[in-house]
Structures are given as C-alpha cells and as structure tokens.
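Subject: Structure handover

Hello,

Here is the structure I promised to pass on. Please open it and keep it on screen while you read my notes.

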Amino acid sequence: MISASLPFRRVRVLLIVMSVAVLAMVVQLIRVQFGTYAPVFAMWVEAAQDTEDEINPDRGLIYDRDGDLLATNVPMYYLEIEVFQLTPASRKQIAAVLSQALVLPYEDLYKQLTLDWGSLGQYRIRLTREVAGEENWPITIDQVAADMLKSFLLDPEAPDLSGLKLVPAPRREYPANYLAGHVLGFVNQEGKGFFGIEGFYDDWLAGKSLTIERGYIPPEARLEPDPPAGVNLVLTIDLDIQQMLEEVLREAIESNEAESGQIIVMDPRNGEILGMAIQPGLNPNNYEPWLEERGVSTVDLEELEEEEEDEAVINPAVGGQFEPGSTFKVLTMAAALDSGVVEPDSEFIDTGQIEVGGIRIRNWNGGAWGPQTMQGCLEHSLNVCLAWLSSEKLGASTFYEYMTAFGIGRGTGIDVAGEVPGQLRTPRHPEWTEADLGTNSFGQGVSVTPVQLLASVGAVANHGTMMQPHIVRAVVGPEGAYWPKATVLGRPISPETADVLNEMLAESIAGETHLASVNGYRLAGKTGTAQIPTEKGYDDRWTIASFIGWGPVYDPQFIVLVRIDKPESSPWGSVVAAPVFREVVERLVTMLEIPPDHIRDQLVAEERGQS
C-alpha cells in the first residue's frame, strides 16, 4: 500500500528545487548589477539594444531602346561580424577560412577580428581589404563563395565561424562591358551611381531605402518590409548602332594614330541620342583601373563629380570642352542669313585677310580667294569671309544674340551627369575684346561640348527648331511606364533660313567636302579643323579634326558629329573626320532602313499617282 504522504514529499522536493532556482536567479541578478563583471554585462545590454539598419531595394535595370539589357544586378555579399558572438576559436577559424578561400592575408583578417570593437562602441563590423596599398574596401563575395560559407555555418562538424554574417549586397553588372560605358557611368561598392546615366538618375534607380530598428534579442525579431523599388530605364541608345560607332571610331583612331575621339548620332527631330561612342573606352564593370590611370582615388569620386571643370573622370561628350573651329561657321552663316544681312548669292571679295579688333585674320591656307558668294564662303571654309559677316554685317549685338539663341555658353540639360556649359565671351564679359567678334565667327576663342554643338547645329537640320538632347526614352516603375516628351530648347532661326542653309551645306558636301558624300543620299554638313589652346597660345602641332553632318536633306533623320583628337596622319577635318562620317552614314542608313533618294522619290510619285 502506497503511503499517502508520498505526494506531499514530492511537492516539498519540487518547492525546494524551485526555491533554489529562484535564489540562484536573484544572486545572478545581484551579480550582474553590482558584481565585478557588471561593466561587461552592461556592454552586452547596450549591444542588445535595437540598432537602426538601412534596407535598400534592388537597383533599377537599364535597357537599350530595343530591350537589350545594359545594366543589371548580380548577388554579392558583405562579410559582417557580430562582435559579441565571437569566441577565441571562431576568431582564428574565421580568419583561416577566409584567408584560404578568398586569398587574403590571415594577419590582416585576424587583426580586424581581435580588435576591441566593444570599447569603440561598435558591435557589428564589416570586414575590409586593402586596395591599391592605401584604401580599405569592404570585402564582397559572389554567390559561390557565399554558398560555401553558408554550408560551414550550418554544419556542426565544420570550422567554428560563430559571429560571421553574410549580408546581401547586390553588385552592378554591365553585360555589354565597354559598349556605352561612358554613357552608363558606374556604381561603386556602396551602391552609389557616378557619371553618365547612373549618376544623373541615381535617386530614381536606387529607389527609396527604409530605416528599420533591428533587435538582437530573438523574440523581438521583426519581418523586414520591402522598400520601394528603383525604376527601370529604357534608353534612346540603339545597341547595334552603338557597337557600330565604337568599331568605326576605334579603327579611325588607330588608322590616324590619334589620341582620342567621339562619334555621336542624334535624331534632330526629337533629340534622341541613338549612339555615343567615346575612346579611350570605359568598362564600368572594372572602373578602378580607369580611375587610377587618371590619378583619381575612389574616395574622391563625389568631390570630383561636383567639380564641373574636371574633365578627367566625366563623359567628354558632355564635359569635354573644345574650340569647334569651322563647324561653328554653320551658326555664323545661319545668323547672317536669318537676319537678312546677306543672301546665298551675296558677293564678298576675299583679299586673304581682314583686321578685326586690331588683329589680322587669314584663311586656313593663307590665300586670297577673290570674288565669292556665301555658298563659296562655306564651301571653301573662308575665315576672312565669316569674320567679315560677324564684324561688319552682323555686329556684336546681333551676332551674340544669335549665338545665345543657339545655346552657346549654356548647357543643353541632357540627362547625363557631368555636363558643362561651354564658354562664350560676350561684350558684357570683362575679358571680351572686339577681336573675339572676328575669331568667334569661325569657332576660335569659343568653347563648346560635342553635345552642345550637336544640339545647336541640329536646329539647322530640323527646320530651325532646336531640340534638347536626351538619352532616357522611358521610365518604368511599379505604377506603370512614363515616356518623357521631346523638349524644344528654342527656335533660333526661321524654317525658311534653315532650309536655305541646308541646301548650301548639301552643295558643300557635293563639292569641296566630297569625302563625306554617300552614294544615293543627299547629305548636308561641314568640316572643322580646330587648333588646341594652351597656356602659351595655340599648339602649333596638334589639331582637333571634326565633321558634323545630317541627312537625308529632304527629311533629316540623323545628325552625326565626328571628333578626332590630335591625329598624326593629317591635321584637317576634311581628310580625317569626313571619311569617318561617310562610313558611319553608309552603315546607318541600312540600320535605320532609310531608302536611297531615288527610291524615296519613286514611292512619293506612286503615292501621288494613286491619290
């Protein structure tokens, strides 16, 4: 028979055990609060307090106009350490595993793991590596390495990696590598976009990050909300055209032994940039060497991006100023025709020189060309004739009024980071002299960017209407797609003036500038040979050879600017740049499916006959 007192004995034993446990807890609480290790435990409590973390959405993707991917994200991870989860064993194991797997110095890793971060108020650190012998960059690993480390963390038999955390850090990747590298810009390891599209649209692409409180105590763990995603961008760039331009430019620089160059193609009707090739090229997947070649530290990027005059790290198509030379004569002639001071057949007697503001201006070959019409002045690119137009026919007030209307001296507003406004001294400028009025007429003493010149001369191609150049065609976000409208920058000349000048420049290509002509297509354009200014005057050896042209003349669908810097083969734009223009147009008309003029005339005649 079981004694009735047995259950009571069990209850007493249980009460005694519970009392001992409660007493132990009280003792421990007193020890934590007032004992020798109270400061250590206080530090643990501080570490356990909620900390703020920033959650960033995936960066928006970038596509060309046909949907080809230009910029995407690939999974990468930062290596972070929860300082108070480290053990003596895990410090050594983490350093050993990472040193072998990532080929990094063991001593450097171990030093980071053994530093007294708690005394510095840091409880979660990000492991770094040395770059270029001086900078410490966060260590990032790809998905393969991350999977290996995750398997170690889950395997009880694997090395002790207590305290190691893998934090997602998507890396920007550019599938086309060098293609359109300057147009796109790049994203640094911290996820910030610099230059090009990445810099200009950084806030849009990055989306809106969220700041959350992250607790270290498991019961207080929260579900992470999804931050608003960045938008996707569809560019006006055609990747096929871009590739063609870069191939042609690379061959042109090699064959002419030139230093650098650009080729830009724009639709003058709406300002869409179809291609923008720049050499030397930039691979945004590996931008550090490109910066190092220019003596630029990655830590200086934000400061340099804000310095508009620094041309070392920006897209030279929007930030590289140059004196345009004879291509600028298109704008001077446009002003003279539009103001009514001359007609295409107005006569000028070229004596080979003219004095403006106390300086003598001569033609490019030093010769006198005798009686010339305005057509002849353009076709033979006569400096004396254009200086006569600006100084004696237009005058300073009218000349600079037209140049300002063409946007010279101010930015176009193109959606690419790093644009500079160029330089145009007017009579209001303290350093302006009357001599500027003469030299400016043929593109000397005035600075423009390639895109600025393209937009200004594009007004002549587009019947007098100047369109804003732009590179984003559509913005695609969570709420749908937005298609930016083409923006008119101004109407500096009348449609009638533009059409007359189109015909004059078409005659120029058919005559003096025949190296730019393309069989089957009537084109218009102008060569340029510009001297390069230095602190001691103009360089006697080097020039910038350029050509700007458009077509077909009856309905211009493209305008092309070719710029070749410091060619060894010849200094002249007619010899160096005009053939490059022709090669580009020969391919471009096929890619844009523009029929030859005689086919187009047949189609128009047939349509009229049917109607």
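Below are the sheets, a helix pair, the cores and one buried residue.

First, the ground rules. This is a predicted model, where local features need pLDDT of at least 70, side-chain atom pairs count only at pLDDT 80 or more, and totals for chains, interfaces and linings use all residues. Residues are numbered from 1 along each chain as its sequence is written, and side-chain values use heavy atoms, with hydrogens and water left out.

Some labels next. Helices (H or I, at least four residues) and strands (E, at least two) are DSSP runs, numbered from the N terminus. Two strands pair if DSSP finds at least two bridges between them.

**The five-stranded sheet**

Start with the open sheet that runs S16-S15-S27-S26-S25. Its pairing is antiparallel. Which strands stand at the edges? They are S16 (272-279) and S25 (524-534). Each has a single partner strand, so one side of each is left without a neighbour in the sheet. Neighbouring strands are turned by 15 degrees against each other on average, direction ignored. Axes here are lines fitted to C-alpha atoms, for helices over the stretch in contact, and angles run from 0 to 180 degrees between N-to-C directions.

Helix H18 (residues 495-510) packs on this sheet and touches S25 and S26. Contact means heavy atoms within 4.5 Å. The direction of H18 makes about 80 degrees with that of S25.

Now follow the chain through the last strands:

- S25 pairs with S26 (residues 537-551) over ten bridges, in the antiparallel sense.
- Ala524 stands opposite Trp550 in S26.
- A hairpin of two residues joins S25 to S26.
- S26 pairs with S27 (residues 558-565) over eight bridges, again antiparallel.
- Ser546 has Arg563 in S27 as its bridge partner.
- The hairpin from S26 to S27 goes through six residues.

**The six-stranded sheet**

Another open sheet has the order S10-S3-S2-S14-S22-S23. Its pairing is mixed. The edge strands are S10 (171-173) and S23 (480-482), and each pairs on one side only.

At one edge, S3 and S10 pair antiparallel over three bridges. Val74 has Arg171 in S10 as its bridge partner. S3 (residues 69-74) is also joined to S2 (residues 62-63) by two bridges, and these strands run antiparallel. Here Ile62 is matched with Ala71 in S3 as its bridge partner. S2 and S3 form a hairpin with five residues between them. Look at Gly67 in that turn: its phi is positive, about 90 degrees.

At the other edge, three bridges join S22 (residues 472-477) to S23, running antiparallel. Val476 has Ala481 in S23 as its bridge partner.

**A crossing helix pair**

How far apart are the axes of H13 and H15? They are 9 Å apart where H13 (residues 329-339) packs with H15 (residues 383-405), and the angle is about 70 degrees. H13 and H15 are therefore roughly perpendicular to each other. That label covers 65 to 115 degrees; under 35 is roughly parallel, over 145 roughly antiparallel, and the rest oblique. The contact includes Leu331 and Met333 of H13, and Leu386 and Phe399 of H15.

**The cores**

A nonpolar core is a set of buried Ala, Val, Leu, Ile, Met, Phe, Trp, Tyr and Cys residues joined through side-chain atoms within 4.5 Å. Buried means under 20% relative accessible area, exposed over 50%, and partly exposed in between (1.4 Å probe, protein chains only).

The largest core has 102 residues. Leu235, Met276, Met374, Met403, Ile471 and Leu501 touch the most other members. H15 gives the largest share, eleven residues. Leu501 touches residues including Val330, Met333 and Leu378. A second, separate core has 33 residues, among them Ile241 and Phe581.

**One buried residue**

Is Thr449 buried or exposed? Thr449 is buried, with a relative accessible area of 0%. Thr449 lies in the loop between H16 (434-440) and H17 (450-461). Not counting residues up to four places away in sequence, Thr449 touches Ala317, Val318, Gly319, Gly320, Gln321, Phe322 and Val420.

Best wishes
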